[in-house]
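Hi,

Here is the structure I promised to pass on. Have a look at it first, and then read on for what turned up.

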Amino acid sequence: MSGWSEDWPAPAKLNRFLHIVGRRADGYHRLQTLFQFIDRCDSLAFAVGDDGRIELETPLLGVAPQADLSVRAAQALREASGVTAGVRIRVVKRLPLGGGLGGGSSDAATTLVALNHLWGCGLDVDALAGLGLGLGADVPVFVRGCAAWAEGVGELLTPVEVDEPWFVVLVPGTAVATRSVFEDPELTRDSPLITIRDFLAGACRNDCEAVVYRRFPAVAEAAGWLGNYAPTRLTGTGACVFAAFASQDDARRVCAALPPGWEGFVARGRNRSPLLRRLAAAQR
Ligand SMILES: C[C@@](CO)(OP(=O)(O)O)[C@H](O)COP(=O)(O)OP(=O)(O)OC[C@H]1O[C@@H](n2ccc(N)nc2=O)[C@H](O)[C@@H]1O
Ligand SMILES: Nc1ncnc2c1ncn2[C@@H]1O[C@H](COP(=O)(O)OP(=O)(O)O)[C@@H](O)[C@H]1O
């Protein structure tokens, strides 16, 4: 086995808005959303081996190693590329599970991009994004690494450049299962299509909020508290909520005022994922 690689970042994302605009024949919901990265990341390291085994050194509580999205990504890449090498994977987890920050999807994307390089698979970014889509709807945007306007179930991506504010992100102590939100009979499923111009004019929201705030009072309470400082929105299907601020100092002041026992952090919006910079450095 070779030594451990240096760290590879797996950033979180925010859904700056999320509209549900219809449903596919297979029951999946068609969305419109804008994905932007934030500079809050899990960190992954890899030790390539020649015994063909894919192993996770850092299993998550409640997730079997074989079900971990980093392991599933490594397996998918090995099958698609035909390489016979193995790998040990180490994840320093900073992103909450079931928080709507896409941590699992981002871990999968970073594994695909890093191992494509470390194993020398030679797949191009379209092939990696295609593999990622088989693991989760949010994986392709993390593989491509550009903030994006997304349609379909999140796989039809158009890169965008939008403002990169400082955000306060609150992490209510509860995980929201994406499936349970999409199954709720009261979910809005018929939002009209909007344009990027509508988004820029502020004509957007997150259609999951009513359902999530009703079912998870702790999320509603977090949104209510942050809403006293700035317009607040749910990311994805939650549980995290966020608000934008003009400066890091403004965002820090709000975070410093969090009630005791509440969790939150300050992070900067990013149109380019730090994963792209890391890959470029590895290729130099
Ligand atoms: C809606 C988003 C927005 O970012 O929510 P978050 O998960 O980030 O909160 C994501 O696209 C979520 O993508 P992902 O987290 O990969 O969802 P999956 O695990 O594939 O979906 C879990 C279940 O939710 C339902 N589902 C998911 C996505 C979708 N567009 N329509 C659906 O109906 C399906 O029943 C699916 O089996
Ligand atoms: N490496 C991983 N990191 C986080 N969650 C994972 C991972 N692998 C599998 N999962 C599973 O995926 C679920 C959703 O993960 P996550 O991406 O954190 O939430 P969300 O999709 O709400 O942003 C988790 O609750 C967990 O069961």
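Phe 37 has Arg 270 as its bridge partner in S10. That contact belongs to the pairing of strand S2 (residues 29-49) with strand S10 (residues 264-270), which is antiparallel and has 2 bridges. Before you go further, please keep in mind that this is a predicted model.

S10 also pairs with strand S7 (residues 166-170), again in the antiparallel sense, through 5 bridges. One of the bridge pairs there is Leu 170 with Gly 264 of S10.

Now the inside. The largest nonpolar core has 72 residues, and Leu 112, Phe 167, Val 168 and Val 241 touch the most other members. S2 turns up here too, giving this core its largest share with 8 residues. Domain 1 (8-160) and domain 2 (166-270) each put at least three residues into this core.

On to the ligands. Where does ligand 1 lie with respect to the two domains? It lies between them, because domain 1 (8-160) and domain 2 (166-270) both give residues to its shell. There are 20 residues around ligand 1, and the nearest are His 29, Gly 136, Arg 179, Phe 182 and Gly 236. Strand S1 (8-23), S2 and helix H5 (178-182) each provide at least two residues of that shell. Sorted by class, the shell around ligand 1 holds 12 polar, 6 nonpolar and 2 charged residues.

Ligand 2 has 19 residues around it, with Leu 69, Leu 97, Gly 103, Gly 104 and Asp 107 the closest. Helix H1 (69-81) and helix H2 (103-118) each supply at least two residues of its shell, and H2 gives the largest share, 4 residues. The shell around ligand 2 is made up of 10 polar, 7 nonpolar and 2 charged residues. Ligand 2 lies between domain 1 (8-160) and domain 2 (166-270) as well, since both contribute residues to its shell.

Next, what the UniProt record says. Its unreviewed entry lists Lys 13 and Asp 138 under "active site". They are spread over 126 residues of sequence, yet they cluster in space, with a largest C-alpha distance of 9.4 Å. Lys 13 sits in strand S1. Is Lys 13 buried or exposed? Lys 13 counts as buried because it has 28 C-beta neighbours inside 10 Å, and the cut-off for buried is 20 or more.

The unreviewed UniProt entry also places two domain features on the chain. "GHMP kinase N-terminal" is put at residues 70-145; that span is 57% helix and 9% strand, and its end C-alpha atoms lie 17 Å apart. "GHMP kinase C-terminal" is put at residues 198-258, where the chain is 48% helix and 13% strand, with end C-alpha atoms 32 Å apart.

One last stop is Arg 53, in the loop between S2 and strand S3 (54-56). Arg 53 is exposed because just 11 other C-beta atoms lie within 10 Å, and the cut-off for exposed is 12 or fewer. Arg 53 and Ala 85 are 32 residues apart along the chain, and 7.5 Å separates their C-alpha atoms.

Enjoy looking around, and write back with any questions.

Best wishes

Notes
Residues are numbered from 1 along each chain as its sequence is written. Chains are lettered from A and ligands numbered from 1 in the order in which they are written. This is a predicted model: local features need pLDDT of at least 70, side-chain atom pairs count only at pLDDT 80 or more; totals for chains, interfaces and linings use all residues. Two strands pair if DSSP finds at least two bridges between them. A residue is near a molecule or strand if its C-beta atom, placed from the backbone, lies within 6 Å of it. Ala, Val, Leu, Ile, Met, Phe, Trp, Tyr, Cys and Pro count as nonpolar, Asp, Glu, Lys and Arg as charged, and the others, Gly among them, as polar. Domain bounds come from an automatic or database domain assignment. UniProt positions are given in the numbering used here, feature names are shortened, and annotations may be inferred rather than shown by experiment. A nonpolar core is a set of buried Ala, Val, Leu, Ile, Met, Phe, Trp, Tyr and Cys residues joined through C-beta atoms within 7 Å.
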